[in-house]
Amino acid sequence: MSEVVIQIEKLSKLYRLGTIGTGSLRQDLQRWWTTTIRKKEDPFFQLDSTTAPNQALWALQDVSFDVRAGEVWGIIGNNGAGKSTLLKVISRIVRPTHGTVRGRGSISSLLEVGTGFQPELTGRENIFLSGYILGMSKAEIRLKFDEIVAFSGIEKFIDTPVKRYSSGMYVRLAFAVAAHLEPDILILDEVLAVGDAEFQKKCLGKMREVSQSAGRTILFVSHSMQAVTNLCDKGVWLQQGKVQTIGAVDTVVNQYLAHAQQFKLKQSWEKPADAPGNNAIRFKEVELVPQLLEPNAPLDIRTPLTVKFQFWNFTEDALISINLVLFSYGGECIFDVPSATRVCQKGLVAGECTIPGNFLNDGSYYISLYVVRDTTTSLFDYEECLAFDLEDYRGDIKWYGKWWGAVRPSFPFRLTQPQTELMLQ
Amino acid sequence: MALSTDRKWDWEIKAQTSWWGSSPQELWSYRHLLIGLVRRDFLLGYQQTILGPLWVLLQPITTMLTYVLVFGKVIGISTGQVPVVLFYLAGVVLWNLFNDSFTGTSSTFRDNAHLFNKVYFPRLIMPFAQLSGFLISFVIQFLFLLLVWAYYLLFTSWHGPSISWLLAIPFAVILLGMQSLGLGLLFSVLTGKYRDVKFVVGLGVRLLMFLTPVIYPVQYVAAKWRWVVELNPLTPLFELFRWALLGQGTVTPGQLLYSTLFTLTLLVAALLIFNKQGDKLIDVA
């Protein structure tokens with residue numbers, strides 16, 4: 001076993017939301033007066049979980065693990081699970097509230113692409129400046145300068161101010177600098193979520209190269225399970241600041257995916273009084289039923305998904321239709337599918353709609369249902385009633401960058417090779 | 001390779017913030033960053049200006065001309081034996097160094113919050129880079145001042161002090177630089193924490209100028225009020241600077257000692273507070 005290069009021991013980080021310093025001198029003086037001089041309670045902040053549960057946030061709680069030389073660690077978890085905070089503490093950007101991190105060797109962290117870039121300066125000047133900020137020496141940058149420029153592919157524009165670059169060029173140059181860092185320990189936060197597909201491929205290639213060169217240790221945060229499984233050998237799954245599972249990457253990723261799937265993709269109500277809706281209609285049940293290819297498999301892009309719902313209709317002879325609208329996690333509408341209209345009597349109305357497999361791209365989605373009367377009047381908008389994640393599935397494709405596009409349909413697509421006389425000669 | 005676990009750790013991150021901050025070796029290893037930042041500030045400062053770096057000289061010249069007109073001609077403050085132009089130019093050049101370095105470094109945390117939140121390097125590099133940049137501007141302005149000084153010496157009837165007195169100038173400049181850095185570091189913590197303070201800085205530095213012998217010589221301050229001006233630790237430095245360059249200034253060794261002790265205490269305290277509070281401020285930024 002190789003030597004431990006990072007030892008993380010009982011690490012905790014507390015954020016007091018909006019209350020370290022109330023932001024104005026007057027309030028802080030007042031606070032100082034009441035707490036220090038009059039020995040009373042802080043008028044602006046009580047670290048008492050019963051009265052002010054929203055003011056304190058444990059971004060990390062009792063996180064401990066050891067990283068050995070040459071290991072590549074994937075850190076996974078939902079948004080807000082503490083992944084980035086963990087990287088920031090290890091990178092010395094923020095102090096932990098409790099606990100210790102000890103380490104051996106030099107550390108470089110890349111929490112953002114293009115840190116320290118100055119739009120007004122040229123590409124050449126930015127390579128040096130951003131290299132210095134990331135901890136490279138002048139000699140080191142000089143030595144790698146040509147390599148960095150070649151990697152970014154912007155030779156022609158190297159003496160142009162980067163504010164005139166396209167966003168793609170900007171990102172390529174920024175990543176190129178970072179990719180040529182040679183620390184003992186490299187810390188990466190979701191850097192692959194940028195750039196075009198071609199460039200992402202290059203970045204992943206470069207990362208693999210770096211991780212396989214002797215003794216390089218990498219800590220890597222990503223939402224792409226595919227990338228984590230393929231690049232990392234160890235994994236940590238963080239859940240609300242706590243370590244959920246730790247160990248071999250396959251085990252950790254599988255547990256995480258199985259858990260993500262456990263989100264009961266269903267909401268139901270016994271009585272109309274509690275149910276979401278209004279005087280015209282109230283929902284009784286909404287459910288997402290995946291048609292899994294095998295039991296306990298995670299939802300992936302191949303899985304057909306059926307949305308089932310029931311609602312109480314309180315109006316006699318209503319001409320009703322429903323729109324099922326799918327949004328990406330970022331709030332972009334992917335599609336808006338209307339049902340057929342139907343004249344409904346008072347009582348329960350049920351419906352279902354199937355989103356075929358091999359149609360959506362991987363990612364997080366949510367569904368809203370809009371109930372419409374007479375094809376024009378909106379009766380009730382049930383926003384974000386279902387949410388789900390689709391995992392990636394690539395089969396034999398050995399490329400791990402983020403797949404482009406809002407959808408990823410599988411259309412008939414054939415390659416042929418017409419044999420011509422000329423070629424045969 | 002020995003795999004013993006007793007090899008010492010290279011670094012350790014704990015909850016307690018240190019008063020001492022980065023080691024000198026660590027700061028030294030980031031010297032290229034400092035040079036890069038000075039270069040950046042210089043390039044950015046004069047980007048898309050027609051006169052470019054000429055502004056380094058134009059700014060003090062125009063200020064000096066205004067002072068000569070307003071305080072010299074209109075109000076008629078006496079500058080003693082010293083030519084009016086030399087008197088004001090010397091004051092303006094030295095005051096600029098203090099003013100720029102203090103206001104520049106005092107917004108360290110506010111201006112760099114984004115950077116500090118994404119990457120680690122010794123935070124002190126930022127104010128050091130600011131101070132270095134302003135020192136370079138000062139040297140250029142000072143060389144210009146020497147040219148004007150030489151002109152008056154050679155082509156007018158004015159008799160300057162002996163050349164050897166000039167040796168006192170670096171002392172005054174270094175102390176002034178340290179004082180502005182000390183104040184700047186202290187206020188950078190305050191402006192990082194309290195948004196109100198940035199207004200105080202702008203107002204305070206303008207008021208401070210009138211308590212400093214920039215536009216008047218101490219010898220002409222009414223005896224009744226002189227103690228106010230002499231309480232200001234900047235005063236002996238300005239008087240020493242003018243005395244060395246122009247042969248006129250009211251400064252005693254006691255005042256210099258007071259200013260030196262004040263500067264050193266301020267700088268050490270400011271460095272400690274900057275190091276201690278710096279990490280906490282990142283959480284707020």
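Here is a short chat about how chain A and chain B meet in a predicted model.

Trainee: How many residues does each chain put into the contact?

Mentor: Chain A gives 50 residues and chain B gives 44 residues.

Trainee: And what area is buried between chain A and chain B?

Mentor: About 4,200 Å². Carbon and sulfur atoms account for 58% of that.

Trainee: Which three residues supply more of chain A's share than any other three?

Mentor: The arginines A:Arg92, A:Arg95 and A:Arg104. Together they supply 18% of the area that chain A buries against chain B.

Trainee: Why quote an area at all?

Mentor: Interface size is often given that way, as the accessible area lost when the parts come together.

Trainee: OK, polar side of things. How many salt bridges cross the interface of chain A and chain B?

Mentor: The rule finds three. One of them joins the side chains of A:Arg102 and B:Glu12, at 2.7 Å from N to O. Polar contacts across the interface come to 13 residue pairs, both residues at pLDDT 80 or more.

Trainee: Which elements of chain A supply at least two residues each to the side that touches chain B?

Mentor: Strand S1 (4-16), helix H1 (25-37), helix H2 (83-90), strand S4 (98-103) and helix H3 (123-133). The largest share, six residues, comes from S4(A).

Trainee: What's the residue mix on that side of chain A?

Mentor: It divides into 20 nonpolar, 17 polar and 13 charged.

Trainee: Back to S4(A). In which sense does S4(A) pair with strand S1 of chain B, parallel or antiparallel?

Mentor: Antiparallel, over three bridges. The chain B strand covers residues 11-13.

Trainee: What are the bridge partners there for A:Arg102 and A:Gly103?

Mentor: A:Arg102 has B:Glu12 as its bridge partner in S1(B). For A:Gly103 the partner is B:Trp11. Note that A:Arg102 and B:Glu12 are also joined through their side chains, by the salt bridge.

Trainee: Within chain A, how many bridges link S1(A) and S4(A)?

Mentor: Five, again in the antiparallel sense. A:Gln7 stands opposite A:Arg102 there. So A:Arg102 pairs with A:Gln7 within chain A and with B:Glu12 in chain B.

Trainee: Switching topic. What domains does chain A have in the assignment?

Mentor: Domain 1 takes 7-11 + 68-259, and domain 2 takes 266-390.

Trainee: What distance separates the centres of domain 1 and domain 2 of chain A?

Mentor: 40 Å, with the centres taken over C-alpha atoms.

Key
Residues numbered from 1 in each chain as written. Chains lettered and ligands numbered in written order. Predicted model: local features only at pLDDT ≥ 70, side-chain atom pairs only at ≥ 80, totals over all residues. Heavy atoms only, no water. Contact = heavy atoms within 4.5 Å. Buried area = accessible area lost by both parts, 1.4 Å probe. Salt bridge = Lys/Arg side-chain N within 4 Å of Asp/Glu carboxyl O. Polar contact = N/O pair within 3.5 Å; in protein donor to acceptor, adjacent residues only side chain to side chain. Helix = DSSP H or I, 4+ residues; strand = E, 2+ residues; numbered from the N terminus. Nonpolar A, V, L, I, M, F, W, Y, C, P; charged D, E, K, R; others polar. Pairing = 2+ DSSP bridges. Domains from an automatic or database assignment.
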